[in-house]
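Visitor: Hello! Could you walk me through this structure, one question at a time?

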Amino acid sequence: MDRSRNFQRRNPSSSSSNSSRFTASKSSNLVPSTPKSGPNTHDNTRHGRSRPRYSAPQGPHNPNDLSDLPTIVGTCPFMCPEGERTQRERLRDLAVFERLNGNPALSSPSLAVKKFCRTITTKEMHKSDVRPLPVLVETLNYLLKLLNSTERSFEVIHDFVFDRTRSIRQDLSMQNIVNGEVINMYQEMVKFHVISHYKLRSCSNSQDASSLHYLNMEQLTKTLTSLLDLYEANRSSSSACGNEAEFHSFYVLLHLGSKSQPMGESLSLWFRHVPSLIIHSKEMRFARDLLRFFRIGNYKRFLIAIAAEASYLQYCIIEPYVNEVRALALSFINNGAYKLHPYPLIHLAKLLMMEVSDVESFCKACGLEICTDEQGNKVLPTKQTTFSCPKGGFQRYSFNGFGRFEKEL
C-alpha cells in the first residue's frame with residue numbers, strides 16, 4: 001500500500017453564533033488529497049459498496065464542501081429510509097446483517113442501515129431521507145456493536161461498517177452540524193478505521209485484503225482530517241476536547257515509514273496551526289519523539305518508547321513499522337558486530353522486544369543463519385552477507401512489553 005497518500009492542513013474558520021452550525025471559510029489548507037485511483041478504488045457490490053442508487057452527497061464531513069449548499073434538517077426516524085429499504089428488498093440488495101431471518105429479500109427497520117452513495121445533490125434530497133443527529137448516534141452505536149460479533153469474519157464485518165459509517169458522515173455533512181456530539185461520533189469512526197488498519201493486516205490470506213487495507217487507509221485519512229477540522233470549528237477557548245491530543249498524534253504517526261512522503265505541507269508548518277496545549281501534551285511529545293527516532297535510525301529508543309508510552313490506538317498505527325525497525329537493528333548488528341563473537345539470541349530478543357523463538361524466525365526471514373555455541377545457546381553469527389528483507393513482508397510477531405493490550409490486539 002502506498003503510504004505517500006497526501007492530506008493537508010486547513011485553517012478552519014471560526015464557529016458562527018449558532019454553535020451547532022458551521023459556516024465554512026473559503027480558504028482551505030487542510031483538505032484531504034487522496035489518490036483518485038488505486039487498487040480497486042471503484043465501488044463493488046460486496047455488502048454495501050454497490051453502485052450509487054440512493055440519494056446522498058459525496059465526501060466526508062467537510063464544511064468547505066458545503067459552503068454553497070442549502071442545509072437540510074433530517075426527519076428520517078429509522079437507520080435506513082423506508083423507500084430505500086423497500087427498493088433494496090425488491091432488488092435483493094441486502095447485506096447479511098440486514099436480512100430478516102436470513103431472507104435476502106426481506107429486512108426490517110431494526111436491521112437495515114442506509115447505504116453510502118456517491119452521486120446526488122442536496123437539492124434533490126428529501127429531508128425524510130436524511131437521518132437527524134439522534135438517529136445517527138443510534139445508528140453508529142448499532143454498527144460499532146457489530147465489531148464484537150464472532151459470527152462473521154472481520155473482513156465481512158468491516159466491509160459493512162465501512163460503508164455504513166460513510167453514509168453517516170454524509171448525513172452529518174448534509175445537515176452541517178458541528179457540536180460536541182458530532183466530534184464524539186467522528187472520534188469513534190476514526191477509532192474504527194485505526195483498529196481496522198491493524199486487524200486487516202491479519203487477513204493477508206484474503207484475496208481482497210490488500211484492497212480493503214488500501215480503502216480503509218484512504219477513509220482513515222479523510223475522517224481524521226475532518227475530525228481535526230471539527231475540533232477547530234468547535235473550539236471556544238484554549239481548552240481541548242477529550243482525547244484530542246491523541247487524535248492529533250495519529251496525524252504525526254501516519255508519517256512513519258521509510259516510503260512515506262510529506263503529506264501536504266511539511267509537519268513543521270502543520271505544527272504551527274496546532275494549539276500549544278496539544279503540542280505540549282504527552283501524546284504529541286511521544287509521536288514527535290517516535291518519528292524522530294525512526295528517521296535517525298535510533299531503533300533502541302524507538303522500541304523502548306513504544307513499550308513505555310504507546311496507547312492501544314497509537315500502536316495500531318505504529319505496528320506495521322515495528323518489523324521495519326527491527327530489521328534495521330538486525331542489519332546494524334550483523335554488519336557492525338565483531339565476527340569472532342556471535343551475538344546471543346537471548347540478548348537480541350531483549351533488544352528487539354521479541355520472544356527468542358520469534359527472533360530465530362525473524363533472522364531466518366532476513367536470510368541469516370542461526371547456530372548453537374558450545375554451551376548450547378543459540379547465537380547469531382555476524383558479518384553474514386545474505387541479509388535481506390523478505391519481499392512479501394514480515395509475518396506478525398509479538399511485542400514484549402505490550403501485554404497490557406493483548407486482549408485488544
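Visitor: How far is the sulfur of Cys117 from the closest cysteine sulfur?

Guide: Happy to help, and please keep in mind that this is a predicted model. A disulfide needs two cysteine sulfur atoms within 2.5 Å. For Cys117 the closest cysteine sulfur is in Cys80, and it is too far for a bond. The distance is 9.8 Å.

Visitor: And for Cys363, which residue holds the closest cysteine sulfur?

Guide: Cys363 is a buried residue, because its relative accessibility is 0%. Its sulfur lies 6.9 Å from the closest cysteine sulfur, which is too far for a bond. That partner is Cys366.

Visitor: How many disulfides does the structure hold?

Guide: A disulfide is a covalent bond between the sulfur atoms of two cysteines. We have just seen that the sulfur of Cys117 is too far from its closest cysteine sulfur, and so is the sulfur of Cys363. For the structure, the number of disulfides is zero.

Visitor: Is Lys115 buried or exposed?

Guide: Lys115 sits in the loop between α1 and α2. The cut-off for buried is under 20% relative accessible area. Because Lys115 has a value of 1%, it counts as buried.

Visitor: Which side chain does the side chain of Lys115 join in a polar contact of 2.9 Å?

Guide: Polar contacts need a pair of N or O atoms within 3.5 Å. At 2.9 Å, the pair linking the side chain of Lys115 to its partner fits that cut-off. The partner is Asp93.

Visitor: Which helix gives the most residues to the largest nonpolar core?

Guide: In soluble globular proteins, nonpolar side chains tend to be buried together. Here the largest nonpolar core has 96 residues, and Phe302 and Ile318 have the most contacts inside it. With 13 residues, the helix that gives the most to this core is α11.

Visitor: Where does α11 bend by about 50°?

Guide: This helix has 25 residues, 20 of them buried. From first C-alpha to last it reaches 34 Å, close to the expected 36 Å. Pro320 follows the bend within four residues. The bend itself is at Ile318, a residue that also touches Phe302, Leu253 and Phe286, among others. So that we end on the name you asked for: Ile318.

Visitor: How many of the residues of helix α6 are buried?

Guide: Helix α6 covers residues 244-253. Its buried residues include Glu244, His248 and Leu253. The helix is largely enclosed by the rest of the structure, because the buried count is 10 of the 10.

Notes. Residues numbered from 1 in each chain as written. Predicted model: local features only at pLDDT ≥ 70, side-chain atom pairs only at ≥ 80, totals over all residues. Heavy atoms only, no water. Core = buried A, V, L, I, M, F, W, Y, C linked by side-chain atoms within 4.5 Å. Buried < 20%, exposed > 50% of the residue type's maximum accessible area, 1.4 Å probe, protein only. Helix = DSSP H or I, 4+ residues; strand = E, 2+ residues; numbered from the N terminus. Contact = heavy atoms within 4.5 Å. Expected span 1.5 Å × (residues − 1). Bend = angle between axes of the 7 residues up to and from the residue. Polar contact = N/O pair within 3.5 Å; in protein donor to acceptor, adjacent residues only side chain to side chain. Lists of a residue's contacts leave out its neighbours within four places in sequence.
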